[in-house]
Amino acid sequence: MLEDPTLRLLLGVVAWSAGALLVGWLTGLVIGRIARRTNNRLLGLLHRRCHRPLVLVLLVSAVHTAIPDTGPVSAALRHAVLLALIAAAAWLVVRLVYVLEDVAFQWLGGHVAAGPRRRRARTQIDMLRRLTAVTVTILAMGTALMTVPSLRALGTSVLASAGVAGAIAGLASQTTLRNVAAGIELAMSNRLRVDDAVVVEGEWGWVEELTLTHVVIRLWDERRLMLPTTYFITTPFQNWTRTESRILGSVVLHLDPRAPVPELRAEARRIIEQSPLWDGRDWVLQVIDSTPWSMVVRTLASAADAPSSWDLRCEIRERLITFLREEHPDAFPGAPAARPWSARAGAADNERAGAFVIRPAERGG
C-alpha cells in the first residue's frame, strides 16, 4: 500500500507539515513565556509580529522538502511551493522591519525629548520602513521571476537597482512618482512631520499620517483632509510647530473710539493672568488701527500649543465682551449713546441732540 507514489507523497507532506507546525508552535510557546516572565519587550514584539509568518515559512519549507523532484507534476508542485516560500519569506522580512520600527519608537520615547526632534525622527523612521517594505516586495518579485527560465532575464533586471526604478516607473504613473519623490523629500527635509500643527486650504489641524504619496490632516473638528505630498512641495502652508509648539494668539475687537483703553487693558491683563491656558510669557493689548467710526483693539497672548491658544483666545474674547457690555455698553460701534443721529435713537434723542424733527401733525397735505 505504501508503494503508491501518490500516497507516499501525501504521507510525506503531512509528516513534514506536522513537524513544521509542531516546531512553530513550540517556538512561539517558549518565546512567549520567556517574554512574559522576563518582561522582555523585544521578544514580545518578535512573538507578536513574526510568529505567524515564521510558522508559514516553516510549513512551506517542509512541504517543499517533502515533494520529490521525480517528474513534471512533482516539479510543477515544487515550483509552486517555492513561489509560496519566497512570498512567505518576504512577509517575514517585512515583519522584522516592523519590529525594528517598534523598537526604534520605544527608544525614542525614552531617550529623545518630546517635540520637533521626536516627531522628525518618527516621520523618518516610518518612511524608511515603508521604503524597506517596498524594496523587499520588489526583490521577492524579482527572485520569483528568476525561478522561471523564460522570465529569468526580466527577474535579473528587476533585481538590479536600475531595474527596480524601471519597474516602479512601469507600474506607477508619473503623478505617483512625483508624489513618492515629494514624500521622501518631506520626510528628510524636516519641512513636515507627524503631529505638526498646520494650516492648509484655510483649515487648521494636525498631521496624522505622512506616507510616500499623501498626507492626512486631522482637522480641528475631527474631519480628515487628504492631500498629495506634492502639495506641500509646491504650495505655501503654515507650520505652527516646526521649531516649537509655543504660539501667539490674537483677539481683535472693533470698538467705539471713546472706549476706555486703559481699563480694557487692565481687564485683559487680569483675564490673561488668571487663565491656566496662558504660558506666562507674553501678552499685550494695543490699538492697531482706526476708522472714522471705530478703533481696532488687538490683544496678544502666548500659549503652549495651538489648541491651548485657540481656547485662550475664545476665553479672552468672551470675557472682554462681557466686561464691556456690563461696564461700558457704549463702547461698541452703533450703540445709541455713541450715534445720537441714528434712527434707532428715537425722536426724543434726536431732539436732545439738536436734530430737526417733523411730527406727523406738522406734515403738509
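Let us start with one pair of residues: Val215 stands opposite Leu227 in β4. The model you are looking at is predicted, and this pair is a handy way into one of its sheets. Val215 falls within strand β3, which covers residues 214-219 and pairs with β4 in the antiparallel sense over five bridges. Stepping back, we find five strands in an open sheet, ordered β4-β3-β2-β1-β5, with antiparallel pairing. The edges are β4 (224-228) and β5 (238-239), each of which pairs on one side only. As background, strands of a sheet pair through backbone hydrogen bonds, either parallel or antiparallel.

With that sheet in view, here is the whole chain. Its secondary structure comes to 11 helices and eight strands. Of the 365 residues in the chain, 34% are buried. The accessible surface comes to about 21,500 Å², and carbon and sulfur atoms account for 60% of that surface. If you like contact maps, consider the contacts between residues at least 6 apart in sequence: 60% of them join residues at least 24 apart.

Now for the interior. In soluble globular proteins, nonpolar side chains tend to be buried together. Here the largest nonpolar core has 21 residues, and the members that touch the most others are Leu255, Leu264, Ile316, Leu320 and Leu324. Which elements each supply at least two residues of this core? They are β6 (247-255), α9, β7 (278-290), β8 (295-303) and α10 (306-327). Ile316 is a good residue to click on: leaving aside neighbours within four places in sequence, Ile316 is in contact with Val251, Ile271, Ile272, Thr299 and Ala301. There is also a second, separate core of 17 residues, with Leu186, Leu192, Leu219 and Tyr231 among them.

Let us turn to charges. Side chains of opposite charge can pair when their charged atoms come close. The model has 13 salt bridges by the rule used here. One of them links Glu267 and Arg270, with the closest N and O atoms 2.4 Å apart. Both residues sit in helix α9 (residues 261-274), three residues apart, or about one turn of the helix. Are these two partners buried or partly exposed? Glu267 counts as buried because its relative accessible area is 12%, under the 20% cut-off. Arg270, in contrast, is partly exposed because its value is 36%, which lies between the 20% and 50% limits.

Elsewhere, salt bridges that share partners join Glu208, Arg218, Glu222 and Arg224 into one network. Within this network, Arg224 and Glu222 form a salt bridge whose closest N and O atoms are 3.8 Å apart. Arg224 counts as partly exposed because its relative accessibility is 41%. Another salt bridge joins the side chains of Arg193 and Asp196, at 3.2 Å from N to O. Here Arg193 is buried because its relative accessibility is 2%, and Asp196 is buried too, because its relative accessible area is 0%.

Finally, a look at the surface. Leu22, Trp25 and Leu26 form a nonpolar patch there, together offering about 320 Å² of accessible area. Leu22 belongs to helix α1 (residues 5-38). Why does Leu22 count as partly exposed? The reason is that its relative accessibility is 46%, a value between the two limits of 20% and 50%.

Technical notes. Residues are numbered from 1 along each chain as its sequence is written. This is a predicted model: local features need pLDDT of at least 70, side-chain atom pairs count only at pLDDT 80 or more; totals for chains, interfaces and linings use all residues. Side-chain values use heavy atoms; hydrogens and water are left out. Patches are made of residues with over 30% relative accessible area and no salt bridge: like charges are joined within 9 Å, nonpolar side chains (Val, Leu, Ile, Met, Phe, Trp, Tyr) within 5 Å. Accessible areas come from the Shrake-Rupley method with a 1.4 Å probe; for residues, only the protein chains shown count as cover. A salt bridge is a side-chain nitrogen of Lys or Arg within 4 Å of a carboxyl oxygen of Asp or Glu. Helices (H or I, at least four residues) and strands (E, at least two) are DSSP runs, numbered from the N terminus. Buried means under 20% relative accessible area, exposed over 50%, partly exposed in between (1.4 Å probe, protein chains only). A nonpolar core is a set of buried Ala, Val, Leu, Ile, Met, Phe, Trp, Tyr and Cys residues joined through side-chain atoms within 4.5 Å. Contact means heavy atoms within 4.5 Å. Two strands pair if DSSP finds at least two bridges between them.
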